Amino acid sequence: MYAQMVETGLKQVRNLDDMSAEERAFQERIDAGVKIEAKDWMPDAYRKTLIRQISQHAHSEIVGQLPEGNWVTRAPTLKRKSILLAKIQDEAGHGLYLYSAAETLGVSRDELLAALHAGKAKYSSIFNYPTLSWADMGAIGWLVDGSAIINQIPLCRCSYGPYSRAMIRVCKEESFHARQGYDIMLALSRGTPEQKAMAQDALNRWWWPSLMMFGPSDAASVNSAQSAQWRIKLFSNDELRQRMVDQTVPQAEYLGLTIPDPDLKFNAETGHYEFGEIDWDEFHAVLKGNGPCNRERLATRVKAYEDGQWFRDALTAYADKHAPAKAAA
């Protein structure tokens, strides 16, 4: 998921009997499937949890442009370049939708960006890995965006209206991203031996980080249980990760590529694939800022923001100049 290990600020999940009258009415609306809107009363913890999750999601969309932007000038054909540019443009739009959704909760975009640039806000761990070859563009689309779709489709039904509605368009565009990624992998797999080896190498490097995207098992997590009660989270990390594995393994077989997991096997009784242990030490290290590209990603993002200051100043000056005329009209 593009938002990982989101804290709710609560130590335990409460039942209806332990809630105030306002909290009980709020929870009953959620249980009845009624959307919560920006002007509705909501518990502070619900509001803060959504701000953390939506802002982390937005940051991930914005930072997620950087690994792919690395290959715009080196795409093998004009067609591939135009598709990649369209994908990056979509991700910028997703970030804007999500920042707008977060703003409905009473936080400003400037606050959210300041937290990101100061290193206080998180974004998805997956974007702190390098893109070493053109095949990485395929692996990101196929594995990373494919995982994002699995996680984000349920968000279209989450309890907070502005977030759920934003996710409908995001998911439609993410499906294009996943298809174009798989198309790149298909072309490479059917190409020369060197191209197929490039595709296999990308799969080897992106497989485990893609499984980490869903976050550690949340079976014993109070945060996950509370988010589930509020219907911000509809499925557990393990359920979503299993869907990703079950969906992706047959696709890899069709490509003629090998999943880099010696423990991978199909369990006929459960109807699911069993897979090896994930290196959660690596996940936590990357999330804490010690991944291969954390510092580079943040520095690039901060530089882009600072380089655009003149444009924001010009927009503000123009608006101030024409404000009296608008007020008089």
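This report walks through the overall build of the protein chain and then looks at one helix and a handful of residues.

**The whole chain**

First things first: what you have in front of you is a predicted model. The protein chain is built with 13 helices and 2 strands. How wide does the C-alpha trace spread? Along its principal axes, the trace covers about 65 × 55 × 35 Å. A compact globule of 329 residues would have a radius of gyration near 20 Å, and the protein chain comes in at 21 Å, so the two agree.

Now for the inside and the outside. Of the 329 residues, 49% count as buried. The accessible surface of the protein chain adds up to about 16,100 Å², and carbon and sulfur atoms own 55% of that area. As for who touches whom, take the contacts in the protein chain with a separation of 6 or more: 79% of them come from residues 24 or more positions apart.

Charges are worth a quick look too. The protein chain carries 38 positive and 42 negative side chains. The centres of those two sets sit 6 Å apart.

**Helix α10 and what follows it**

Helix α10 takes in residues 237-255, which makes 19 residues. At 1.5 Å a residue that should give a span of 27 Å, and the end C-alpha atoms are indeed 27 Å apart, so expectation and model agree.

Which residues of α10 are buried? The list runs N237, L240, R241, Q242, M244, V245, D246, T248, V249, A252 and L255. And what covers them? The cover includes the helices α6 (135-152), α7 (161-189), α8 (193-212) and α11 (280-290), along with the strand β2 (272-274).

Just after α10 you'll meet G256, which takes a positive phi of about 80°. L257 lies in the loop between α10 and β1 (265-267). Is L257 buried or exposed? With a relative accessible area of 6%, L257 is buried, because the cut-off for buried is under 20%. Setting aside residues up to four places away in sequence, L257 touches M185, S189, K196, A199, Q200, L203 and A252. One of those, A252, is also on the list of buried residues of α10.

Before α10 there's another loop to check out, the one that links α9 (222-229) to α10, and R231 is found there. R231 has a positive phi of about 60° although it is not a glycine. Its relative accessible area is 33%, so R231 counts as partly exposed.

**Two residues in α6**

Helix α6 came up above as part of the cover over α10. D136 has its place in α6, and S147 is found in that helix too. How accessible is D136? The figure is 0% relative accessibility, so D136 counts as buried. S147 also has 0% relative accessibility and therefore counts as buried.

Their neighbours, again leaving out residues up to four places away in sequence, go like this. D136 touches P130, T131, A202, R205 and W206. S147 is in contact with S210, M213, F214 and M244. M244 is one of the buried residues of α10.

**Over in α1**

E28 belongs to helix α1 (residues 21-31). With a relative accessible area of 42%, E28 is partly exposed, because that value falls between the 20% and 50% cut-offs.

**Pairs across the chain**

To get a feel for how places along the sequence relate to places in space, here are some residue pairs.

| Pair | Apart in sequence | C-alpha to C-alpha distance |
|---|---|---|
| D136 and W280 | 144 residues | 22 Å |
| L257 and W207 | 50 residues | 12 Å |
| S147 and I30 | 117 residues | 27 Å |
| E28 and W230 | 202 residues | 10.0 Å |

Take the last row as a case in point: E28 and W230 are 202 residues apart along the chain, and their C-alpha atoms are 10.0 Å apart in space.

Conventions
Residues are numbered from 1 along each chain as its sequence is written. This is a predicted model: local features need pLDDT of at least 70, side-chain atom pairs count only at pLDDT 80 or more; totals for chains, interfaces and linings use all residues. Side-chain values use heavy atoms; hydrogens and water are left out. The radius of gyration is taken over C-alpha atoms; the globule rule is 2.2 Å times the number of residues to the power 0.38. Buried means under 20% relative accessible area, exposed over 50%, partly exposed in between (1.4 Å probe, protein chains only). Contact means heavy atoms within 4.5 Å. Accessible areas come from the Shrake-Rupley method with a 1.4 Å probe; for residues, only the protein chains shown count as cover. Lys and Arg count as positive and Asp and Glu as negative; His and the chain ends are not counted. The place of a charge is taken as NZ of Lys, CZ of Arg, CG of Asp or CD of Glu. The expected span of a helix is 1.5 Å times one less than its number of residues.
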